[in-house]
Amino acid sequence: MSKKIAIIGGGNLGTAIAEGLINSGFVLPEHIIITKRNIVTLKPLEEKGVLISNNNMEAANYADWIILAVKPFQIKEILQQLKPHLQASRHKLVSVMTGVWIKDLQEVLGSDFTLFRAMPNTAIAIQQSITCICKHKASDDESNYVIDLFNKLGKTVFIEEKLMDASTVLGACGTAFAMRYIRANIQGGIEIGFDAATATLIAAQTVKGAAELLLTKHTHPEQEIDKVTTPKGCTIAGLNEMEHQGFSSSLIKGIVTSYKKIVTDM
Ligand SMILES: NC(=O)c1ccc[n+]([C@@H]2O[C@H](COP(=O)([O-])OP(=O)(O)OC[C@H]3O[C@@H](n4cnc5c(N)ncnc54)[C@H](OP(=O)(O)O)[C@@H]3O)[C@@H](O)[C@H]2O)c1
């Protein structure tokens, strides 16, 4: 029998997690309870058999695994409400909230609970996320369960908690960076003759294929570039011009700027 899971905060991320877990068959719909204050938007999940509620305490009483998916500023109050209903011997908590540290959760809950932090990205909605995970007081079985869960929603990697901000930049903000790269390709594609829809298809599928090459063949990007660059050819001419204009440098500077922002402001 699958374990019972409560998702506290049925917004974009919470509902995407619920849908992915049901679609993948990881858990029976009736073994998930999902909460928010206004439950009208949860009706589609209810129609699939998921339990919905506006009562977080009810959810905690129902489930052993609790996924915290509210906005960071809401969590302290919610945990204070939940605390009398939580037992360290029973409940395991998984926070997907950006910028909420294990020590922040422990400030309310104490240090006895098994806690995980997970940083997915928006591709979790189509089960194609990369989810970076760190843990506190977790057994091997508990860690494996969390890996299995997020593997149903894409790929996973365990990291140290000190890298959580970096994982937010590379993995979660990274979706926006990739989108802007694809958009630029579309704009260029239109200028050299394609309509927008065809340019979008070519640009998006090309990026997807390039990523799949790395993920399936485990090659270095430069090895794949070597296969495309004929001496004196058009690819190397375009690539070198991009580099003259600061292509790699601007991406690295953008990533470092995002990181500095998250570390200093959030
Ligand atoms: N979106 C992403 O791709 C992404 C990626 C990584 C991490 N995150 C993190 O995930 C968290 C959620 O992000 P999101 O984009 O899903 O935000 P969101 O759509 O605003 O979802 C938050 C949900 O929490 C509910 N909520 C508020 N107060 C509540 C309470 N007292 N009890 C139960 N539910 C309550 C809200 O619904 P009501 O107002 O109806 O209660 C809302 O639906 C954030 O901390 C974010 O940092 C998001």
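## Where the ligand sits

A molecule sits in a pocket if more than half of its atoms lie within 2 Å of the pocket's grid points. By that rule, the ligand of this predicted model sits in the second largest pocket.

## The pocket

The second largest pocket has a volume of about 1100 Å³. Its lining is made up of 40 residues, and those closest to its centre are Leu13, Ala69, Val70, Lys71 and Pro72. Two or more lining residues come from each of helix H1 (12–23), helix H3 (56–62), helix H4 (75–82), helix H7 (164–191) and helix H11 (247–265). Among these elements, H7 gives the most to the lining, with 5 residues.

By residue type, the lining of this pocket divides into 19 nonpolar, 16 polar and 5 charged residues.

## The shell around the ligand

There are 22 residues around the ligand, and Leu13, Lys36, Arg37, Val70 and Thr98 come nearest. The shell consists of 9 nonpolar, 10 polar and 3 charged residues. Leu13 and Val70, listed here as nearest to the ligand, are also listed with the residues closest to the centre of the pocket.

## Polar contacts and burial

Two side chains and one backbone position can be described here. In the side chain of Thr98, an N or O atom is 2.7 Å from an oxygen atom of the ligand. Asn56 places a polar side-chain atom 3.0 Å from a ligand nitrogen atom. At Asn38 the backbone takes part: one of its N or O atoms lies 3.0 Å from an oxygen atom of the ligand.

Taken alone, the ligand exposes 890 Å², and the protein buries 81% of that area.

Conventions:
Residues numbered from 1 in each chain as written. Predicted model: local features only at pLDDT ≥ 70, side-chain atom pairs only at ≥ 80, totals over all residues. Heavy atoms only, no water. Near = heavy atom within 4 Å. Polar contact = N/O pair within 3.5 Å; in protein donor to acceptor, adjacent residues only side chain to side chain. Areas by Shrake-Rupley, 256 points an atom, 1.4 Å probe, with all protein chains shown as cover. 1 Å grid on protein atoms, 1.4 Å probe; cavity = no way out; pocket = protein on both sides within 12 Å on 5 of 7 lines; lining within 4 Å. Nonpolar A, V, L, I, M, F, W, Y, C, P; charged D, E, K, R; others polar. Points joined across faces, edges and corners; volume = space filled by probe spheres on them. Helix = DSSP H or I, 4+ residues; strand = E, 2+ residues; numbered from the N terminus.
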